[in-house]
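User: I would like to learn how to read helix packing, pockets and backbone angles in a structural model. Could you take me through them one at a time?

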Amino acid sequence: MCCDGPTVVCLSTLTNVPSLWLTDIVRIGGVGQLTSHSEVTIDHGNVGTFLRELLLAATNEIEVADTVVRDNKRDGVPDDPESIRKLRLAFRRVLYRLEMMSDVEESLSSEDLVGRLKTVGEPLGKLRDAEILEKLVIDALGDRIGSRQGRELMEIVTELRREKQLSADAMIHSTTYQDALTAMTEYRTSLQSLPVSTLPIRPIAQRVMYVSWHKLQRAARKTKRGASDAQLHHLRIAAKRTMYAAQAFEDWLGTPTKRFATRLDRLQKRLGDQHDHVVARAWMRRVAKDHPSLKRLTKRLSAKERRRADRCAKGWGRRWKSVRQVHPVHFL
């Protein structure tokens, strides 16, 4: 690596730096090769400080989303999917970014907090899954939605969505939820706090993006060898994690990073659609076992969901190619 000295970036002013100069700031020495994980040296205190800033922003985002959910509930809104969706995404972002930084710095000791965040996020995620399932059932039924069997199937899926709504509401008002928020605040304040204005971003960005990109490439290679439903879902998770990693630095690394994150988002959404159809098919097959009177209908619908899942699966390679065109070597 060719470098005249450490690059120091001011977090408070970097977003106002011209993009061309910003690109020069974060460029890694050498052409066409992403610096290896072992070659990048980062200071433990710098990683802790950067994570501290990420968690502060995440805490504020969660507090805003939490306030909206509670206000709507107080105003008598029975089902509130949009505000709970924002709360779920806020928790998901902080979870992924916490895992992202822990991947490059083991001393962060974030296992307990990660576990708490996963526990809180689980019922919120299941509510999202139930909402998507309900929409897919409506779409799959089409003109059959007004038939006796169609109404019966809709009652089953609507009851499931209501059940998940109650579970999400219970979590938001539980001590487990409050304890997780407290733990996140305590963990954040325990991290080393250095002068943010002199925090060197480049080594952290190099290390994080290398680890995330390496895991994503490995998942893509496995998917090419066998694009099963499970492997496609694994690839989606890897793409989402890399997307969140890129988004964590995009305000400082400029337009190329934002383009990379955008293309990752397109990939993971395509894979998300595929997974949703797979989940809907599995649910319909379970309904057929529990409700013999719906067996014929659900058999047709599950076959439709299988075809839709397969169509979505066919598009992943094209989106992966577009991601590779702007992968980290182009902006690090």
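The dialogue below goes through helix pairs, then the pocket and cavities, and then a backbone angle.

Analyst: Before we start, please keep in mind that this is a predicted model.

User: At what angle do helix 7 and helix 8 pack, and how far apart are their axes?

Analyst: The general idea is to look at the angle together with the distance between the axes. Here helix 7, residues 201-225, and helix 8, residues 229-253, pack at an angle of about 160 degrees, with their axes 9 Å apart. Since angles over 145 degrees count as roughly antiparallel, helix 7 is roughly antiparallel to helix 8. The crossing in which helix 7 passes helix 8 is left-handed.

User: Which residues of helix 7 and helix 8 meet?

Analyst: On the side of helix 7 they include Ile201, Ile204, Ala205, Val208 and Met209, and on the side of helix 8 they include Leu232, Leu235, Ala238, Ala239 and Phe249. Divided by class, this contact of helix 7 with helix 8 has 16 nonpolar, 5 polar and 2 charged residues.

User: How do helix 4 and helix 5 cross?

Analyst: The axes of helix 4 and helix 5, the latter spanning residues 148-172, come within 8 Å and cross at roughly 160 degrees. These two helices are therefore roughly antiparallel to each other, and their crossing is left-handed. The contact of helix 4 with helix 5 has 16 nonpolar, 5 polar and 5 charged residues.

User: And at what angle does helix 4 pack with helix 6?

Analyst: Helix 4 and helix 6, residues 175-190, pack at an angle of about 145 degrees, and their axes are 9 Å apart. Helix 4 passes helix 6 in a left-handed crossing. In this contact Leu113, Arg116, Leu117, Thr119 and Val120 of helix 4 meet residues of helix 6 that include Tyr177, Ala180, Met184 and Tyr187. By class, the contact of helix 4 with helix 6 has 8 nonpolar, 2 polar and 2 charged residues.

User: Turning to empty space, what is the volume of the largest pocket, and which residues are closest to its centre?

Analyst: With a pocket, one can ask for its volume, then its lining, and then the chemical class of that lining. The largest pocket has a volume of about 1,100 Å³. It is lined by 37 residues, of which Arg88, Arg92, Arg128, Arg236 and Lys240 are the closest to its centre. The elements that give two or more residues to this lining are helix 3 (81-104), helix 4 (111-141), helix 8 and helix 9 (255-290), and the largest share, 11 residues, comes from helix 4. By class, the lining of the largest pocket has 11 nonpolar, 7 polar and 19 charged residues.

User: How many cavities are counted, and what lines the largest cavity?

Analyst: The count comes to 3 cavities of 30 Å³ or more, and the largest cavity has a volume of about 40 Å³. Its lining consists of Arg128, Asp129, Ile132, Leu133, Leu136, Asp276, Val279 and Ala280. Helix 4 and helix 9 each supply at least two residues of this lining, with the largest share, 5 residues, coming from helix 4. By class, the lining of the largest cavity has 5 nonpolar, no polar and 3 charged residues. Arg128 is thus a residue to look at twice, as Arg128 is among the residues closest to the centre of the largest pocket and also lines the largest cavity.

User: Finally, where is Ser109 found, and what is its phi?

Analyst: The general idea is that most residues other than glycine have a negative phi. Ser109, although it is not a glycine, has a positive phi of about 50 degrees, and Ser109 is found in the loop between helix 3 and helix 4.

Methods
Residues numbered from 1 in each chain as written. Predicted model: local features only at pLDDT ≥ 70, side-chain atom pairs only at ≥ 80, totals over all residues. Heavy atoms only, no water. Axes fitted to C-alpha atoms, helices over the stretch in contact; angles between N-to-C directions. Helix = DSSP H or I, 4+ residues; strand = E, 2+ residues; numbered from the N terminus. Parallel < 35°, antiparallel > 145°, perpendicular 65-115°, else oblique. Left-handed = near helix turned anticlockwise from the far one by under 90°. Contact = heavy atoms within 4.5 Å. Nonpolar A, V, L, I, M, F, W, Y, C, P; charged D, E, K, R; others polar. 1 Å grid on protein atoms, 1.4 Å probe; cavity = no way out; pocket = protein on both sides within 12 Å on 5 of 7 lines; lining within 4 Å. Points joined across faces, edges and corners; volume = space filled by probe spheres on them.
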